[in-house]
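Let's take a walk through a protein model together. Have the sequence and the 3D view open, and follow along piece by piece.

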Amino acid sequence: MIGPIVASMLAAGCGRPAPAPVAADAAAVADAHPIPTFTAERRAAAESALGMDCAICHSLDLVQSQRLTRGQWEKEVKKMAGWGAPVEEDGPLLVELLAADFSPDTLEPPPQTIPFDSAAAEVIPDEKPAPGDAQKGEAIYRAACQSCHGERGEGTRGPSLAGKPVVFRARDFAAAVEHGRGRMPAFAGALSPEAIADLRAWLAARPLPGL
Amino acid sequence: MSDPSRRQILAGAALALAARLGLRTGRADEPGLYTRVSRPHDLETPAEALDGDATPNDRFFVRSHFGPAILDPRRFRLSVDGMVGRKLSLSLDDLARLPQVSLPAVLQCSGNGRALFSPRVPGAQWRRGAVGQAVWSGVRLRDVLQRAGIAKGARFVRLLGADLPPMATVPPFARSLPIEKALHPSTLIASRMNGAPLPLLHGAPLRMIVPGWVGDDWVKWLTSIRVDAEEDPGFYMRTGYRMPVPPVAPGETPKQTEPLTTMPVKSLITRPADRVVLPAAPTVVSGVAWAGERKVARVEVSIDGGRSFQPASLDTSRGLGAWQRWQLPWQPRPGRYRIVARATDEAGDTQPDRPIWNPGGYLWNGLDAIECEVRG
């Protein structure tokens with residue numbers, strides 16, 4: 001579900017000017033200045049990092065609606081790194097992109113609207129839980145998911161799953177597992193629809209951590 | 001709450017209360033909320049949908065820290081522990097057997113208006129509509145705490161929802177209420193909103209209602225109540241949701257800060273809608289105003305962009321933390337107008353021309369303004 005959103009946001013280019021053919025010029029400037037210029041390659045890498053690092057926890061409109069100075073962006077990226085965003089080597093690249101595209105001078109497009117019921121329909125659990133063998137699901141989870149989502153779906157490198165809407169929504173869950181999301185690989189070839197249903201059944205039965 | 005007859009009685013009681021208070025519970029016509037963040041949802045109400053005493057549940061703004069938790073109502077338990085005589089683990093049925101209370105109260109995100117600060121600050125870029133009023137129904141937090149028994153030395157009540165962070169490295173959203181506010185008879189654990197079961201996006205099955213205080217304390221998907229001697233040491237008490245005291249200039253690091261509590265006086269113009277075209281015919285400029293735990297004493301309206309103000313008629317308060325509606329008849333001639341509203345509370349605090357800038361972008365309460373055009 002998130003993949004296409006991220007992709008369309010990146011494709012839309014966040015309201016920035018079209019990337020100029022900078023390669024030759026950039027090389028010349030790079031010779032004169034020790035600081036690397038924001039080349040088209042660096043921009044592409046930064047946009048990819050935005051989707052990979054930030055969209056684990058939130059949609060990119062949260063980022064794109066800000067209008068901050070470079071100093072403020074540096075603080076934000078540092079704060080998010082402290083909270084576990086895997087931005088290690090991407091940090092400076094991200095700041096470069098954010099300061100360029102979402103500064104106090106950037107125009108603000110009018111907001112999108114969504115009917116409440118449509119928003120609710122993105123998170124409300126399926127009325128009838130889809131069938132699945134939770135016992136089989138656990139084995140699949142241990143083999144394929146635990147390394148990123150934790151022993152009980154509590155989240156480690158990947159986000160927590162226990163109690164989250166996606167594990168109570170069979171279609172969204174299957175789409176995420178089959179196609180992947182951000183850093184998460186696609187499992188379409190590796191897991192059958194039945195295996196994905198079993199996996200979901202096990203996750204849906206996990207109690208929330210701490211409850 | 002699983003007993004449908006009880007549910008109907010409660011819903012009926014809330015609607016009866018709404019009728020007795022003269023509240024309008026009808027739906028506004030305009031579809032949709034402004035998407036500030038699409039995952040987890042931060043959705044803003046268009047100001048013109050706030051023209052009444054009860055904002056419909058499906059027009060009510062949505063603020064999320066980590067998005068909904070899916071809780072099975074049959075297995076749901078609300079835990080009460082910490083400095084108590086006996087720990088409690090309450091089902092929804094247990095709560096339904098306690099005395100039920102309904103009251104109207106304004107819920108406003110402390111960041112409402114953040115996008116209007118200059119210089120800009122990070123956070124959800126709310127403008128005018130991260131606010132709404134509903135009739136909330138549920139049990140008093142006080143009744144629950146008294147059943148557990150509060151130990152000597154207890155000073156805070158920590159509230160925690162089931163919306164756990166996406167990673168263990170992200171701090172959980174926990175809030176501590178001072179014990180006095182927790183024991184206030186208007187502080188509720190709500191299961192219903194405008195007579196209907198609390199929608200999932202608004203915190204089902206249970207959320208806190210803390211009239212007069214910022215939305216930060218209105219914890220959704222509430223599952224844990226802990227009585228403590230000290231305020232929760234987590235991010236959302238010690239770092240986030242705090243105001244510098246005294247105020248700081250942009251770029252300056254605050255030496256001292258204090259947690260957000262009550263909402264400052266504020267008014268909102270709900271009619272006409274911003275940027276509409278009106279006929280040159282008699283109409284009414286209307287809106288709402290609120291002032292945290294205080295009453296609003298007066299609302300003044302300017303139709304000439306703030307050069308001159310005239311008093312609007314103002315409804316009386318319907319209870320702690322409820323908003324008051326105001327109106328001003330207007331016979332416009334063709335032209336372009338900037339309409340400005342300014343409220344003053346019973347203690348004499350007036351909405352400022354420029355609210356106090358702060359690094360979190362909290363508590364924006366500058367004069368509200370809309371622009372419109374009148375055509376002959």
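## A helix tucked inside

Start with helix α6 of chain A, residues 91–101: nine of its eleven residues are buried, so this helix is largely enclosed by the rest of the structure. Keep in mind that this is a predicted model. The buried residues of α6(A) are G91(A), L93(A), L94(A), V95(A), E96(A), L97(A), L98(A), A99(A) and D101(A). And what covers them? The cover includes three helices of chain A: α3 (40–54), α4 (61–64) and α5 (70–82).

## Cysteines without partners

Now for the cysteines. How many disulfides are there over all chains? The count is zero. A disulfide is a covalent bond between the sulfur atoms of two cysteines. To count as one here, the two sulfur atoms must be within 2.5 Å. For C57(A), the closest cysteine sulfur belongs to C54(A) and is 9.2 Å away, which is too far for a bond. C148(A) is in no disulfide either, with its nearest cysteine sulfur, in C145(A), 9.0 Å away. Here are the two side by side:

| Cysteine | Nearest cysteine sulfur | Distance | Relative accessible area |
|---|---|---|---|
| C57(A) | C54(A) | 9.2 Å | 25%, partly exposed |
| C148(A) | C145(A) | 9.0 Å | 27%, partly exposed |

## Over to chain B

Chain B has five helices and 23 strands. Its radius of gyration is 21 Å, close to the 21 Å that the globule rule gives for 376 residues, so chain B is as compact as a globular protein of that length. If you boxed up its C-alpha atoms along the principal axes, you'd need roughly 70 × 55 × 40 Å.

Of the 376 residues in chain B, 60% are buried. Take the contacts in chain B between residues at least 6 apart in sequence: 72% of them join residues at least 24 apart. On the outside, the accessible surface of chain B comes to about 15,000 Å², and 50% of that belongs to carbon and sulfur atoms. As for charge, chain B carries 49 positive and 36 negative side chains, and the centres of these two sets lie 2 Å apart.

## One glycine up close

Let's finish with G240(B), which sits in the loop between α5 (235–238) and β13 (242–244) of chain B. Is G240(B) buried or exposed? With a relative accessible area of 8%, G240(B) is buried. Setting aside neighbours within four places in sequence, G240(B) is in contact with F235(B) and Y362(B). Its C-alpha atom is separated by 18 Å from that of K220(B), a residue 20 places away along the chain.

Terms used. Residues are numbered from 1 along each chain as its sequence is written. Chains are lettered from A and ligands numbered from 1 in the order in which they are written. This is a predicted model: local features need pLDDT of at least 70, side-chain atom pairs count only at pLDDT 80 or more; totals for chains, interfaces and linings use all residues. Side-chain values use heavy atoms; hydrogens and water are left out. Helices (H or I, at least four residues) and strands (E, at least two) are DSSP runs, numbered from the N terminus. The radius of gyration is taken over C-alpha atoms; the globule rule is 2.2 Å times the number of residues to the power 0.38. Buried means under 20% relative accessible area, exposed over 50%, partly exposed in between (1.4 Å probe, protein chains only). Contact means heavy atoms within 4.5 Å. Accessible areas come from the Shrake-Rupley method with a 1.4 Å probe; for residues, only the protein chains shown count as cover. Lys and Arg count as positive and Asp and Glu as negative; His and the chain ends are not counted. The place of a charge is taken as NZ of Lys, CZ of Arg, CG of Asp or CD of Glu.
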